[in-house]
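Open the model in your viewer and keep the selection box ready. We will go from single residues to the whole chain.

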Amino acid sequence: MSWMVIALFFLIVGSTLVITYYAAKRTKTASEFYTAGGGLTGWQNGLAIAGDYLSAASFLGIAGAIALFGFDGFFYSIGYLVAYLVVLFIVAEPLRNLGKYTLADMIHARFDARKVRGVAAFSTITIVIFYMIAQLVGAGALIQLLFGINYSWAVALVGVMMTIYVLFGGMTATSWVQIIKAVLLMVATLVISVMVLFKFNFNILGMFNEMKTVTDHGADFLNPGLQGRAPLDSISLMLALVLGTAGLPHILMRFFTVRDAKTARSSVVTATWIVGIFYVLTIFLGFGAAAFVGRDAIVAANSAGNMAAPLLAEALGGELFMSFVAAVAFATILAVVAGLVLSGASAFAHDIFNQIIRKGKATEKEQVIAARSASVGVAVFSIILALFAQNMNVAFLVALAFCVAASANLPVIVYTIYWKRFNTSGAIWAMVLGLLTAIILVSISPNVFAADGSAIITGTPIFPLTNPAIISVPAGFLGGVIGTLLSKQKEDAGKYAEVKVKANTGYRDSAS
């Protein structure tokens, strides 16, 4: 690596640390730490949501998946994009009107029970760790490619930097890092896409025709099925991707950083445009990598294909452009992991420490200290797990996080807002059954067991699908119904009416 490459990389990373320094001066209270004081505008939060959402799975994982498996890799782009319709029409406005800092706050608006808050916090932390592993795997592979350092040290380096962001800057620093990273990522993706199109004489139809011959898969490269995934498995994957976003803690938390529900809606609209454009462009990233880098080089750099985008940048624009793209990818991971650490720390500090242990009586200073301590714990635990997942595709790892989110969180969100009969017992059943079903089925699936030794354990999987959403999501919804109907709790029509008014009008905000 030349000194210019190293200088460019550290310039981008250093700028994020400068943001953290100034944000730290404005982060004193719990509200400022968790939600930036609710002071972000619609376009700022929309960019930050896009920055949160366009993770290592999107830039590194999907590009690699398309390069190696063609249409099968594009499945992820379709699912991630359509998911925002669920967020926009079902979740965004009610969540902003009912919640304060976390998902558990929103549920607590209807059910004043510490058990519900505790289960919601545990579900949040579980999803955060799944998602964190994916980002750290991508970061480790990226730093290993760029600087040639050991994967373990690379993962540790990212974890330390993420912890610094959250410890000192809170949501303000995290949001601005995400905003800047979203802009840089879109610029890098657009430039690469134009360069790829230039190679194909700006003929998109010609590009698709040529892709039928540039890989060993031939015309099958443009058809589903290269990964050998059964149709039912594909449906299950899409179910996880489409429904999972509405249950992701670090995305849900972003709706509390704006002043009202109207701004929350505008945030989602802004984010949807940015995310939509990006996922369309992943076609050019994947096709370009397949055509101009080649499968062998992609797999040689990382067996899961995670380095396809940086290698494409090098093939098209040389070492300097590759370093810029790698730095942007690294900033992408920094921003997303910071958001994940913050949501996990908030679940522990606000829900468990303040509301359950201290019964809501913890001081602002105590809450911030607890959140910063939890940030360290979440980061360390995720780093340890990421060391064992080096050769797993990050898009696949994130899909598992989406599955858990869709199974455990989405049912309780929907029932809390829209089902009058729903009660505390149903909320607990929905989260526990959805969470346990997803985790158990993943642990006995081909992700963990493989006869050829390609998975963690050599053996025959008990559950045949790689993503269990087609079973675990209905299990979560069914758990809510069973828990509610079996419970002896009486229906609280008055409380539901109050929640319905708040969810649709934001009445609480105007009164506070």
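**Stop one: helix α18**

Select V442, which sits in helix α18. Helices here are DSSP runs of H or I with at least four residues, strands are runs of E with at least two, and both are numbered from the N terminus. This is a predicted model, in which local features need pLDDT of at least 70, side-chain atom pairs count only at pLDDT 80 or more, and totals for chains, interfaces and linings use all residues. Residues are numbered from 1 along each chain as its sequence is written, and side-chain values use heavy atoms, with hydrogens and water left out.

Is V442 buried or exposed? V442 counts as buried, at 11% relative accessibility. Buried means under 20% relative accessible area, exposed means over 50%, and partly exposed lies in between (1.4 Å probe, protein chains only).

Now show the contacts of V442. Leaving aside neighbours within four places in sequence, they are L400, N447, V448 and P468. A contact means heavy atoms within 4.5 Å. Add F147 and draw a C-alpha to C-alpha distance to V442: the two are 34 Å apart in space and 295 residues apart in sequence.

Stay in helix α18, which covers residues 424-443, and pick T437. T437 is buried too, with a relative accessible area of 16%. Beyond its neighbours within four places in sequence, T437 is in contact with I471, S472 and A475.

**Stop two: helix α8**

Select residues 151-199 to light up helix α8, then centre on T174. T174 has a relative accessible area of 1%, so it is buried. What does T174 touch? Not counting residues up to four places away in sequence, T174 touches A335, A338, G339 and L342. Next, add A36. Its C-alpha is 9.2 Å from that of T174, with the two positions 138 residues apart in sequence numbering.

**Stop three: two loops**

Most residues other than glycine have a negative phi. Keep that in mind for the next two picks.

Follow the chain to the loop between α8 and α9 (204-210), and select F202. F202 is not a glycine, yet it has a positive phi of about 55 degrees.

Then jump to K359, in the loop between α14 (308-357) and α15 (364-386). K359 also has a positive phi of about 55 degrees without being a glycine. At 56% relative accessibility, K359 counts as exposed.

**Stop four: the whole chain**

Zoom out and switch to cartoon. The chain has 21 helices and two strands. Its radius of gyration is 22 Å, close to the 24 Å from the globule rule for 512 residues, so the chain is as compact as a globular protein of that length. The radius is taken over C-alpha atoms, and the rule is 2.2 Å times the number of residues to the power 0.38. Along its principal axes, the C-alpha trace spans about 65 × 50 × 40 Å.

Colour by burial: buried residues make up 60% of the 512. Among contacts between residues at least 6 apart in sequence, 84% join residues at least 24 apart.

**Last stop: confidence**

Colour by pLDDT, the predictor's confidence in each residue, from 0 to 100. The chain averages 83, and 95% of the residues score at least 70. Among the elements, helix α19 (residues 469-486) has the highest mean, 94, and helix α21 (residues 507-511) the lowest, 50. Where pLDDT is low, the predicted coordinates should not be read in detail.
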